[in-house]
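Please open the model in your viewer, with the sequence panel alongside, and follow the stops below in order.

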Amino acid sequence: MDLNNKELTISLKDFWKIFLKRLWIIILAAIIVAGTKFAFDTVTYTPMYSSTATMYILRQDGEVSSSYNTAYDFSSALSVVKDCDALIKSHTVLDSTIETLGLDMTYKQLYSSVSTTNPEDTRILKVTVVADSPENAKLIVDKICIIGAETINDAMGFEQVNFFERGQENYAPANKTGLKTYIIFGLLAAVLVYAVFVVIFLLDDTIRTDEDIERYLDLTIIGDIPDGNGGRRKSSGYRYGYIQTYDTSDDAENKEE
């Protein structure tokens, strides 16, 4: 707020006063948002379970390899990990998995439930499947890796892909929302509400104190005039009234209130 080209100076004390004055609203907003998120998750929650299998790209041709060949094998294996990643999610592999297991889902649905990770500088490819039960998750991920290894070997002529570790049945839901998420939602709501009150404060041009009168109206305060009706000035500031001045050349001038 800028009246008569006067700048408003905001101190940390002002921000602290805003925070304390609106603290109960800020806390209430945080509780409402976090509670709403919790209620929504409770009503719409469907537990999903994950299982992870491991594929390993290695030398398995039985030849005696020199240190040069070993280094070459490692380098070439690393270079095809991304290709293997793409082939695992291909129509050939996933459609075959759906047909073999008789799954009631489309390619896109199965594709969205499959994820892969490759630890840095390793020949390991981890395949994770999320399904509606631990048993289904394990069954699907194992079948994807078996068909995937065969498909990769046939398509790339790179017969060094091993199904190293089968998936496990994990009975802990993979999509359960943790307490941390609700805390984050509550904090975001609190910050947003506080920011709104700060903006309202900055845009409020109500004259509240004697200093505001001097700053914005370029008038000097001589003194306070008591209210004849016994009222007190409202805490919200000067909303009505006039600054009283005197004309020394004419004492008969009426006072303005």
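Begin by selecting Met55 in this predicted model, and display the residues around it: leaving aside neighbours within four places in sequence, Met55 is in contact with Ile88, Arg123, Ile124, Leu125, Val127, Cys145, Gly148, Ala149, Ile152, Val161, Asn162 and Phe164. Met55 also belongs to the largest nonpolar core, a set of 25 residues in which Met55, Val127 and Ile144 are those with the most contacts inside the core.

Keep that core on screen and colour the elements that give two or more residues to it, namely strand 1 (49-57), helix 3 (67-88), helix 4 (91-101), helix 5 (107-112), strand 3 (124-131) and helix 6 (134-156). Which of these elements gives the most to this core? Helix 6 does, with eight residues. As background, nonpolar side chains in soluble globular proteins tend to be buried together.

Next, stay on strand 1 and select Ser50, which is found in that strand. Is Ser50 buried or exposed? Its relative accessibility is 17%, and because buried means under 20%, Ser50 counts as buried. Not counting residues up to four places away in sequence, Ser50 touches Thr128, Val129, Val130, Ala137, Gln168, Asn170 and Ala174.

Now show helix 4 and helix 6 together, and turn the view until both axes can be followed. The two axes come within 9 Å and cross at roughly 130 degrees, which makes helix 4 oblique to helix 6; the crossing is right-handed. On the side of helix 4, the contact is made by Thr92, Val93, Leu94, Ser96, Thr97, Thr100 and Leu101, while helix 6 brings Leu139, Ile140, Lys143, Ile144, Ile147, Gly148 and Thr151. Coloured by class, the residues of this contact divide into seven nonpolar, six polar and one charged.

Move to the N-terminal part of the sequence and select helix 1 (residues 12-21) with helix 7 (residues 179-203), which pack at an angle of about 125 degrees with their axes 10 Å apart. That angle makes helix 1 oblique to helix 7, and helix 1 passes helix 7 in a right-handed crossing. To see the contact itself, display the side chains of Asp14, Phe15, Ile18 and Phe19 in helix 1, which meet Tyr194, Phe197, Val198 and Phe201 in helix 7. The residues of this contact divide into seven nonpolar, no polar and one charged.

With helix 1 still selected, add helix 2 (residues 23-44), which packs with helix 1 at an angle of about 60 degrees, their axes being 4 Å apart. Helix 1 is therefore oblique to helix 2. Here Phe19, Leu20 and Lys21 in helix 1 meet Leu23, Trp24 and Ile26 in helix 2, and by class this contact has five nonpolar, no polar and one charged residues. Phe19 is worth a label of its own, since it appears in the contact of helix 1 with helix 7 and also in the contact of helix 1 with helix 2.

Finally, clear the selections and show the protein chain as a whole, with its eight helices and four strands. Read along the sequence, the chain follows the pattern α-α-β-α-α-α-β-β-α-β-α-α. Of its 257 residues, 27% count as buried. Among contacts with a separation of 6 or more, residues 24 or more positions apart account for 73%.

Technical notes
Residues are numbered from 1 along each chain as its sequence is written. This is a predicted model: local features need pLDDT of at least 70, side-chain atom pairs count only at pLDDT 80 or more; totals for chains, interfaces and linings use all residues. Side-chain values use heavy atoms; hydrogens and water are left out. Axes are lines fitted to C-alpha atoms, for helices over the stretch in contact, and angles run from 0 to 180 degrees between N-to-C directions. Angles under 35 degrees count as roughly parallel, over 145 as roughly antiparallel, 65 to 115 as roughly perpendicular and the rest as oblique. A crossing is left-handed if the near helix is turned anticlockwise from the far one by less than a right angle, and right-handed if clockwise. Contact means heavy atoms within 4.5 Å. Ala, Val, Leu, Ile, Met, Phe, Trp, Tyr, Cys and Pro count as nonpolar, Asp, Glu, Lys and Arg as charged, and the others, Gly among them, as polar. A nonpolar core is a set of buried Ala, Val, Leu, Ile, Met, Phe, Trp, Tyr and Cys residues joined through side-chain atoms within 4.5 Å. Buried means under 20% relative accessible area, exposed over 50%, partly exposed in between (1.4 Å probe, protein chains only).
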